[in-house]
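Q: I would like to learn how to read a protein model step by step. Could you take me through it?

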Amino acid sequence: MSRRRVAAIFRRVAAEIRRDRPSLALLFIAPILITGLVTFILRDSQAPQVTAVVVNTAGVRGQLVGTALGAALQHGGVTVSDVADEAAARAAIANSGATIGIVIGTDGAPVSPLTITVITNGLDPAGEAAQVATVQRAVLSAAGNASGTALPAILHTTLYGTPSDDPISTFAPAIVGFFAYFFVYILTGVSFLRERTGGTLERLMATPVTRGEVVLGYTLGFGLFATIQVAVLILWALGSLHVPALGPLPAFSVGLGVAVNGSPLLAFLVVVLLAVGAVSLGIFLSTFARTELQVIQFIPIVLAPQFLLSGVLFPVSTLPSILQPLVAIMPLNYAVDGLRQVFIRGADLGVAALQLDLIVLAVVAAFFATIAALTIRRDVV
Amino acid sequence: MAPQAVPDAPGGNVPPAIRASGLVKTFGTLRAVDDVTFELAPGRIYGLLGPNGSGKTTLIRLLAGLTLPTAGWAEVLGTRMPSRQNLERIGYMTQADGVYTALTVAENLRFFGAVFGVDGDEPAAAALAVVDLADRRDSIVGTLSGGQRRRLSLACALIHRPPVLFLDEPTVGVDPLLRVEFWAHFRTLADAGTTIVVSSHVMDEADRCDELLFVRSGRLTARGTGREIRARAGTTDLEQAFLRLGGDVAVTR
Ligand SMILES: Nc1ncnc2c1ncn2[C@@H]1O[C@H](COP(=O)(O)OP(=O)(O)OP(=O)(O)O)[C@@H](O)[C@H]1O
Ligand SMILES: [Mg+2]
């Protein structure tokens with residue numbers, strides 16, 4: 001392994017990226033835009049606007065419940081009106097802006113308990129679930145009022161962080177990890193493919209350069225930009241620089257202001273290890289691609305499963321057990337976990353869970369670097 | 001233009017610069033290089049002639065150790081190929097340009113210089129002078145014309161002043177004036193001891209070589225000076241000889 005040859009490859013790769021303005025924009029601006037958007041969505045989403053129509057088919061008993069429920073709903077900010085029957089309720093949802101229908105009835109026998117049927121539109125399951133939850137809370141509070149004894153309140157506390165934590169503080173670590181992986185993979189894959197198809201790899205192989213030097217030079221070159229990208233992303237995620245109002249411009253703040261309980265440097269280490277693995281993965285997969293489009297086409301195979309199975313969107317623990325072995329081999333999973341350990345738990349290097357994450361990421365990076373070097377075809381031993 | 005004086009074939013005491021023995025390379029059932037044996041003397045220019053797909057590039061790749069032979073062996077400057085160490089003494093101008101289009105001319109040269117352990121501006125400047133690109137040294141390669149890229153590609157193969165040069169169709173797209181200068185430079189290099197193997201489809205270039213190697217379907221079909229080849233084919237026109245010898249059986253010596 002020659003230092004100067006590695007340095008030459010590193011310098012060349014870095015010069016190429018520096019010249020490539022669109023890719024630089026992709027590296028730095030896109031993640032900031034997207035994390036900013038996600039934060040905005042998660043933090044400032046509006047409470048669902050609920051307009052309820054109530055139908056009573058259970059006589060006097062229903063009347064009592066309906067009144068109590070209506071009061072509780074109105075207390076919770078819901079617009080409530082009564083309609084004659086279920087058909088009218090359905091018509092109101094279909095045509096006149098009601099979002100939810102509440103039918104108070106019995107399941108037949110006169111002494112049987114009352115039932116409350118909630119009717120929703122059905123087009124937006126996630127949004128409607130929130131509305132049903134509103135009704136459930138109203139039922140609980142109505143029941144409490146009726147019985148005269150307040151129901152016990154449920155309190156929630158957590159080992160790490162607080163339960164009322166900004167949703168973005170769990171999401172931000174996942175996003176930082178994912179972006180580093182995603183962009184580094186694409187840029188390396190495409191760039192190495194150009195090396196293969198443009199004839200420069202053939203030429204490089206006719207020099208004393210070794211495969212290991214190529215992989216190392218690439219890793220350093222792309223690693224440098226990944227490092228800067230991650231630094232910018234982490235600063236952006238953690239920072240909240242307040243810019244005061246200036247003339248007609250309102251005051252605003254730069255950065256997502258995510259609280260971090262651990263050392264940002266450790267978070268940084270996690271992501272850099274992940275990105276190093278992504279460089280080698282890009283080199284490795286470029287072997288199987290003949291065009292740049294095909295590098296992009298690997299994304300559904302390589303990146304989408306990681307996205308789904310690494311707790312970025314869905315908590316890993318709720319994934320079907322049949323998928324758990326797959327979860328265990330997703331590098332992104334360890335990065336996301338490691339980042340959460342640092343961001344939320346405030347873990348330092350003494351925490352076993354974080355140690356495991358770092359070790360797995362390092363092993364994965366070394367593994368892909370090895371197979372990447374092996375796939376740089378050269379018969380010379 | 002008259003061919004340059006041809007030095008006599010080396011005596012037994014000068015070891016050959018390049019040796020091939022029973023070289024075979026197959027791709028599936030295709031025999032791209034088929035039992036090629038020769039010795040090439042140092043300080044001479046060898047022209048590799050043959051139709052498209054006859055195996056010229058594959059033969060050069062075997063000699064440079066970029067691919068493993070199916071059978072046989074190749075040796076460059078006394079070292080069996082493939083040998084990474086030995087690549088320091090070999091310059092290979094690929095048939096594709098093989099230069100980095102996002103970098104400038106100077107950056108390409110500095111890069112290939114660095115991987116060969118050549119430092120400083122002097123070697124790059126010298127290589128640029130040969131290909132007459134000094135005024136474009138800070139241009140991004142992507143903005144150069146096809147012939148200019150070809151010239152840069154040659155400069156990158158010369159940067160470390162290798163004693164053995166493999167040039168795969170070096171003058172494709174290069175204008176006639178510069179072509180003449182290229183060949184003059186090749187001759188200067190050969191006179192200084194560089195062994196040059198150059199593939200070409202251009203017959204007037206072939207005439208500037210000290211010796212010609214005719215390849216057909218992976219086989220070496222004829223070898224000799226331009227004059228010998230003409231005599232053997234019974235024609236005064238090298239192009240005619242090329243066409244006639246194309247189907248000949250191996251006439252190696
Ligand atoms: N990697 C490869 N895989 C399969 N076949 C190959 C490979 N490389 C070369 N060949 C085949 O070997 C034969 C010789 O190819 P080669 O490139 O050596 O020809 P050439 O004489 O250089 O042709 P040209 O004058 O067009 O450059 C061709 O039929 C080609 O299709
Ligand atoms: Mg060829």
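The dialogue below goes through sheets, helices, a ligand site and some backbone details.

Q: What kind of model is this, and what sheet does chain A hold?

A: This is a predicted model, and a useful way to begin with a sheet is to list its strands in the order in which they lie side by side. In chain A, four strands form an open sheet in the order β2-β1-β3-β4, and the pairing is mixed. Because β2 (79-82) and β4 (114-120) of chain A stand at the edges with a single partner strand each, one side of each is left without a neighbour in the sheet. On average, neighbouring strands of this sheet are turned by 25° against each other, with direction ignored.

Q: How many bridges join β1 to β2 in chain A, and do these strands run parallel or antiparallel?

A: For a pair of strands, one looks at the bridges and at the direction of the two chains. Strand β1 of chain A, residues 51-56, is joined to β2(A) by four bridges, and the two run parallel. As one place to look, T51(A) stands opposite T79(A) in β2(A).

Q: Which strands of chain A does helix α3 lie across, and which does α4 lie across?

A: Here one asks which strands a helix touches and at what angle it runs. Helix α3 of chain A, residues 59-75, lies across β1, β2, β3 (100-106) and β4 of chain A, and its direction is at about 150° to β3(A). Helix α4 of chain A, residues 86-95, lies across β1, β3 and β4 of that chain, running at about 170° to β1(A).

Q: What is the strand order of the six-stranded sheet in chain B?

A: The reading goes as before, from one edge to the other. The six strands of this open sheet in chain B have the order β6-β7-β8-β3-β9-β10, with mixed pairing. The edge places belong to β6 and β10 (219-224) of chain B, each of which has a single partner strand, so one side of each is left without a neighbour in the sheet. Neighbouring strands of this sheet are turned by 15° against each other on average, again ignoring direction. Within the sheet, β7 (residues 164-168) and β8 (residues 195-199) of chain B pair in the parallel sense over five bridges, and the bridge partner of L167(B) in β8(B) is V198(B).

Q: Which helices of chain B lie across strands such as β7 and β10?

A: Helix α1(B) lies across β3 (45-49), β6, β7 and β8 of chain B, and runs at about 155° to β7(B). Helix α7 of chain B, residues 226-233, lies across β9 (211-216) and β10 of that chain, running at about 110° to β10(B).

Q: Which residues come nearest to ligand 1?

A: For a ligand, one lists the residues around it and then turns to single atoms. Of the 14 residues around ligand 1, those that come nearest are G53(B), K56(B), T57(B), T58(B) and Q95(B). Oxygen atoms of ligand 1 lie 2.9 Å from a polar side-chain atom of N52(B), 3.2 Å from a backbone N or O atom of S54(B), and 2.6 Å from a polar side-chain atom of T58(B). The protein covers 62% of the 630 Å² of accessible area that ligand 1 has on its own. In the shell around ligand 1, the largest share, three residues, comes from α1(B), and the shell divides into four nonpolar, eight polar and two charged residues.

Q: Where in chain B are P82(B) and D132(B) placed?

A: For the backbone, one reads the torsion angles and then finds the place. A cis peptide bond, with omega of about 0°, joins M81(B) and P82(B), and P82(B) is in the loop between β5 (79-81) and β6 (90-93) of chain B. D132(B), although not a glycine, has a positive phi of about 60°, and its place is in the loop between α3 (121-131) and α4 (146-158) of chain B.

How values were computed. Residues are numbered from 1 along each chain as its sequence is written. Chains are lettered from A and ligands numbered from 1 in the order in which they are written. This is a predicted model: local features need pLDDT of at least 70, side-chain atom pairs count only at pLDDT 80 or more; totals for chains, interfaces and linings use all residues. Side-chain values use heavy atoms; hydrogens and water are left out. Two strands pair if DSSP finds at least two bridges between them. Axes are lines fitted to C-alpha atoms, for helices over the stretch in contact, and angles run from 0 to 180 degrees between N-to-C directions. Contact means heavy atoms within 4.5 Å. A residue is near a molecule or strand if one of its heavy atoms lies within 4 Å of it. A polar contact is a pair of N or O atoms within 3.5 Å; within protein, one must be able to donate a hydrogen and the other to accept it, and residues adjacent in sequence count only if both atoms are side-chain atoms. Accessible areas come from the Shrake-Rupley method with a 1.4 Å probe; for residues, only the protein chains shown count as cover. Ala, Val, Leu, Ile, Met, Phe, Trp, Tyr, Cys and Pro count as nonpolar, Asp, Glu, Lys and Arg as charged, and the others, Gly among them, as polar.
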